[in-house]
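Colleague: I would like to learn how to read helix packing and empty space in a protein model. Please take me through one case.

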Amino acid sequence: MPSLPNVERLEELEDARDSGGPGLAAGSMSGVELVAQSTAGIAPSAVMVSGATLVAASAGPGTLYSYAVSLGVLLLVGWCVSRAAKLRPGEDLLSHITAAFGRAVGFVGSTGLAFGYLLIAVGCVAQFSQYMKPLIAVAPPVSAGAPGTAIGVTAVLEIACVVGAGFMMIRGVRVSAWTGVVLEVLSIGAILLVLTMVLIRHGFSMAPLMPTGITATQVVGGMVLATLGFVGFESAACLSVEAKDPQRTIPRAVTGSALLAGALYLYASYAQIVGFDGADKLAQDATPLNTLADGLGQHWLALAIDLGAVASNFACVTGSLTAASRVLRSMGESKLVHAKIAATHPKRKTPHVAIVLLSAAALVTAIGLAASGINELDVYSYTGTLGTFGYMVAYMLMGLGIPVLLRRLAPDAGITMAVLIGGTATLCLAYVFYRNVYPIPDWPIDIMPWLFLGVLLAAAAWYVAGPRRAANAQSPTMTQPETPEPVSAHTS
């Protein structure tokens, strides 16, 4: 049975939904739509296209194990997010982190998360352009490499992607969620068709499941890139206000999207290892699915994969920026950034100001990188690497924060399990972060951690100069957060 404070919070959400006043469309998203949001944030089909070959380069025959262990670690993070959603229904990640560590840490952590969402969107805008070019016959197939085309073509395609995504997001969160899931289903369908045909031709093999000669170092090394394929699975938690029955639907969406992505990655990796007769050969091919489709004598499937990649990257842009806009709006409501950023569309009930700002930032960044001569593949690699650091900070803060929230809100429940799960997730992610820093990678990847550190320091400086000073100027009763009332250990 829900405890009294949770019942009161749920009643507030019901009142917000029924009032029809300004704000988000409270209680409008079903569990399926939340799964769609998290799935779009992950963009599993985009990872299925190129993820296995990247992981195989580090893990070799242990590729499947790298994905399996990474899935386990992210499920631990998902447990922390889900537990927080049950303890504090209708609250987002910024609110959870702030409740555990205070406004300063909440602001810096949320800045990192929003930064991660934004950069993942930038990378997907670039990939949208890359995979669209062969389809409109302005460039060779992607399997020939990243083609060099006029900046004008790239800019037009990227503008079309961002404007289309922005329109969908402002139209309504349900519109963008369903758009994302439909595009992902089409994309995944094309990829699964190729993979299944490969297995039918080559037959099933136990070799990828029981490889010989693998080491723990290989498996852990592959986890660095395998983990990157899951980032964004928590994005449904950013829509806690818009979720129906958030205590149930958000945990299911977070866990379900991670399990779905993990199953797809394991199947895709297995089929590609079988198709290439080993992980070593797979690691040598930059576009394995195109190669497998050509090997089947079905050249139209290579174009279908390109079309699927276009759909997946568009879905990822909408999913990432939707989540980022909710984070930014929450920061505006908390007066951590300008209050006007929290404004919502009076009819569509979407944070249109935040959406426009983030869309403009993503577009300017993507076109700027293209104009500098960096090809789309490298844009995706650089922005993905840098953006992932932002996700990791938020994930680690959730892992460290869930025991704190349990002790404050459900002292009778005990925190031993939360300490074990949250601590394990945090240590694993910290090690993944470490492996992105050392051994020192080649330029420009070697400067990415320092660029991200600069972003966090800038966020801390902004907080000291702005929100903290404003808070200190208020009365003591306004600056002291209200102590949450403990809830029952049987919170559902």
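Modeller: We go through helix pairs, then a cavity and a pocket, then one residue.

Modeller: This is a predicted model, in which local features need pLDDT of at least 70 and side-chain atom pairs count only at pLDDT 80 or more, while totals for chains, interfaces and linings use all residues. Residues are numbered from 1 along each chain as its sequence is written, and side-chain values use heavy atoms, with hydrogens and water left out.

Colleague: At what angle do helix H4 and helix H10 cross?

Modeller: Begin with the terms. Helices (H or I, at least four residues) and strands (E, at least two) are DSSP runs, numbered from the N terminus. Axes are lines fitted to C-alpha atoms, for helices over the stretch in contact, and angles run from 0 to 180 degrees between N-to-C directions. Here H4 (residues 63-87) and H10 (residues 246-275) cross at roughly 175°, and their axes come within 9 Å.

Colleague: What orientation do H4 and H10 have to each other?

Modeller: Angles under 35 degrees count as roughly parallel, over 145 as roughly antiparallel, 65 to 115 as roughly perpendicular and the rest as oblique. H4 and H10 are therefore roughly antiparallel. Their contact has 17 nonpolar residues, seven polar and one charged. For these classes, Ala, Val, Leu, Ile, Met, Phe, Trp, Tyr, Cys and Pro count as nonpolar, Asp, Glu, Lys and Arg as charged, and the others, Gly among them, as polar.

Colleague: Which residues of H6 and H7 meet?

Modeller: Contact means heavy atoms within 4.5 Å. From H6, Val125, Ala126, Phe128, Ser129, Met132 and Lys133 meet Thr154, Leu157, Glu158, Cys161 and Val162 of H7. By class, this contact of H6 with H7 has seven nonpolar, two polar and two charged residues. H6 covers residues 103-135 and H7 residues 151-171; they pack at about 120°, with axes 9 Å apart. The two helices are therefore oblique to each other.

Colleague: How close do the axes of H12 and H13 come?

Modeller: The axes of H12 (residues 288-295) and H13 come within 7 Å, crossing at roughly 155°. That makes H12 roughly antiparallel to H13. In the contact of H12 with H13 there are five nonpolar, two polar and two charged residues. Leu289, Asn290, Ala293 and Asp294 are the H12 side, and they meet His299, Leu301, Ala302, Ile305 and Asp306 in H13.

Colleague: How many cavities of 30 Å³ or more does the structure hold?

Modeller: Rolling a probe the size of a water molecule over the atoms shows where empty space is left. On a 1 Å grid over the protein atoms alone, a cavity is a set of points where a 1.4 Å probe fits but cannot get out, and a pocket is an open set with protein on both sides within 12 Å along at least five of seven lines; lining residues have an atom within 4 Å of a point. Grid points are joined across faces, edges and corners, and a volume is the space filled by probe spheres set on the points. There are three cavities of 30 Å³ or more, and the largest holds about 50 Å³. Its lining consists of Ala46, Val49, Ser50, Gln127, Tyr131, Ala309, Asn313 and Tyr380. H3 gives the most to that lining, with three residues. By class, the lining of the largest cavity has five nonpolar, three polar and no charged residues.

Colleague: What volume does the second largest pocket have?

Modeller: The second largest pocket has about 1,200 Å³. It is lined by 44 residues, and Leu54, Leu225, Leu228, Tyr380 and Ser381 lie nearest its centre. H3 supplies the largest share of this lining, nine residues.

Colleague: Which residues does Arg201 touch?

Modeller: Leaving out residues up to four places away in sequence, Arg201 touches Gly295 and Leu296. Arg201 lies in helix H8 (residues 173-202). The C-alpha atoms of Arg201 and Leu296 are 8.4 Å apart, with their positions 95 residues apart along the chain.
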